[in-house]
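The exercises below ask you to read a protein model step by step. Work through each task with the structure open, and compare your reasoning with the solution that follows.

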Amino acid sequence: MKVVLSIAGSDCSGGAGLQADLKTFEAFDVFGCTVITVLTAGNTTGVKNISEITPSFVKEQLEMIVEDFDISAIKIGMLYSNEIINVIREFIKGLQIPIVLDPVCISKTGSMLLSKNAMENLKTLFNYTTVITPNQFEAKVLLNYQINCAKARKEIENLKCSTLIKNYIEKEKSVDILYSQKKIKKYKTLHIQSRNTHGTGCSFSSAIAANLALGKSLEEAIIISNKFIYKAIKSAPNLGQGIGPISHKKGVTTS
């Protein structure tokens, strides 16, 4: 069985963060390990408080995992601070395995999930990743990206890693735009009007990581992960009073 590592924050409501990553890994039959970067007190309506794990303890978690497991791929989510980013950069810079970075900055409910002074430092991880998966708002903050701006697109195309801009709504389609090796490709799925989208960004990036670990190409992993998220939203259990979680288990069914 392939082992995939999630380096991410904890969502005590269970719909996003490393909890969503583990559920996604299970759905794709890979074994998930975790390194916790921050604890959050929140639910489907928002995040009330954030408690950062000490960088030294983050490092110790990493050391214990790699000492015992052969990691096939890594998904990186919420890192929050400069100090944690520095620890992760030192860890990944010599690795030769697929690494998916979801550059988490802000939640769907508007909660800031990255320190303002850590924006530039987060970009230093891009050189060591296979693909980054910002949504259009994160892409604008981190990369000054606008979909119809040629200059902004050129900057993304010059990155060493591939870039997947998530969930651009075009008519009745949800469009993900991949910039990879000077090429642009769009992946379209039917846009579902639903309040149950909590953790979709986390789950999408972890699904890509799981499929890369299983030997799929990046484009194959994106297609599979798109279908997974579509089904998981469609089968959502409709829980919580805010933006509800998706159904990870049903995301891999054929129904």
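Helices here are DSSP runs of H or I with at least four residues, strands are runs of E with at least two, and both are numbered from the N terminus. Keep in mind throughout that this is a predicted model.

**Exercise 1. Helix 5 and its ends**

Task: Determine which residues of helix 5 are buried, which exposed residues lie on the face turned away from them, and what is found at the two ends of the helix.

Solution.

Step 1. Begin with the extent of the element: helix 5 covers residues 136-143, and within it E138, A139, L142 and L143 are buried. These four residues lie on the same side of helix 5, because they cover an arc of only 100° around the axis.

Step 2. Now turn to the face directed away from this buried side, where the exposed residues F137, K140 and V141 are found. To check one of them, take F137: a residue counts as exposed when its relative accessible area is over 50%, and F137, with 59%, is therefore exposed.

Step 3. At the N-terminal end, helix 5 is capped by N135, which places a side-chain oxygen 3.0 Å from the backbone nitrogen of F137. Just after the helix, N144 adopts a positive phi of about 55°.

Step 4. Finally, relate F137 to a residue elsewhere in the chain: P98 is 39 residues away from F137 in sequence, and their C-alpha atoms are 25 Å apart in space.

**Exercise 2. Two helices that cross helix 7**

Task: Describe how helix 7 crosses helix 8 and how helix 1 crosses helix 7, and then place N211 in this picture.

Solution.

Step 1. Helix 8 spans residues 218-234, and its axis comes within 8 Å of the axis of helix 7, with a crossing angle of roughly 140°. That angle makes helix 7 oblique to helix 8, and the crossing is right-handed.

Step 2. On the helix 7 side, the residues that meet helix 8 are T200, S203, F204, A207, I208, N211 and L212. Their partners in helix 8 include L218, A221, I224, S225 and F228.

Step 3. Next consider helix 1, residues 17-27, whose axis comes within 9 Å of that of helix 7 and crosses it at roughly 40°. Helix 1 and helix 7 are therefore oblique to each other, and their crossing, too, is right-handed. In this contact, helix 1 contributes G17, A20, D21, T24 and F25, while helix 7 contributes C202, S203, S206, A207 and A210.

Step 4. N211 belongs to helix 7, which runs over residues 200-213. With a relative accessibility of 2%, N211 counts as buried. Once residues up to four places away in sequence are set aside, N211 touches F28, K216, A221, I224 and S225.

**Exercise 3. A residue in strand 2**

Task: Decide whether T37 is buried or exposed, and list its contacts.

Solution.

Step 1. T37 is located in strand 2, which comprises residues 31-43.

Step 2. Its relative accessibility is 0%, so T37 counts as buried.

Step 3. Apart from neighbours within four places in sequence, T37 is in contact with I7, A8, G9, E52, I53, V58, M78, L79 and I84.

Step 4. For a view across the model, look from T37 to K186: the pair is separated by 149 residues in sequence and by 32 Å in space, C-alpha to C-alpha.

**Exercise 4. Positive phi and exposure**

Task: For D29 and N167, state the value of phi, the place in the structure and the degree of exposure, and then examine N117 for its place and exposure.

Solution.

Step 1. D29 is not a glycine, and its phi is positive, near 60°. D29 sits in the loop between helix 1 and strand 2, and its relative accessible area of 55% means that it is exposed.

Step 2. N167, likewise a residue other than glycine, has a positive phi of about 60°. N167 is placed in strand 7, residues 162-170, and with a relative accessible area of 39% it is partly exposed.

Step 3. N117 lies in the loop between strand 5 (99-101) and helix 4 (119-123), and with a relative accessible area of 60% it is exposed.

Step 4. To link this loop back to the helix of the opening exercise, note that N117 and E138 are 21 residues apart in sequence and 15 Å apart in space, C-alpha to C-alpha.

How values were computed. Residues are numbered from 1 along each chain as its sequence is written. This is a predicted model: local features need pLDDT of at least 70, side-chain atom pairs count only at pLDDT 80 or more; totals for chains, interfaces and linings use all residues. Side-chain values use heavy atoms; hydrogens and water are left out. Buried means under 20% relative accessible area, exposed over 50%, partly exposed in between (1.4 Å probe, protein chains only). The arc is that of the directions from the helix axis to the C-beta atoms. A polar contact is a pair of N or O atoms within 3.5 Å; within protein, one must be able to donate a hydrogen and the other to accept it, and residues adjacent in sequence count only if both atoms are side-chain atoms. Contact means heavy atoms within 4.5 Å. Axes are lines fitted to C-alpha atoms, for helices over the stretch in contact, and angles run from 0 to 180 degrees between N-to-C directions. Angles under 35 degrees count as roughly parallel, over 145 as roughly antiparallel, 65 to 115 as roughly perpendicular and the rest as oblique. A crossing is left-handed if the near helix is turned anticlockwise from the far one by less than a right angle, and right-handed if clockwise.
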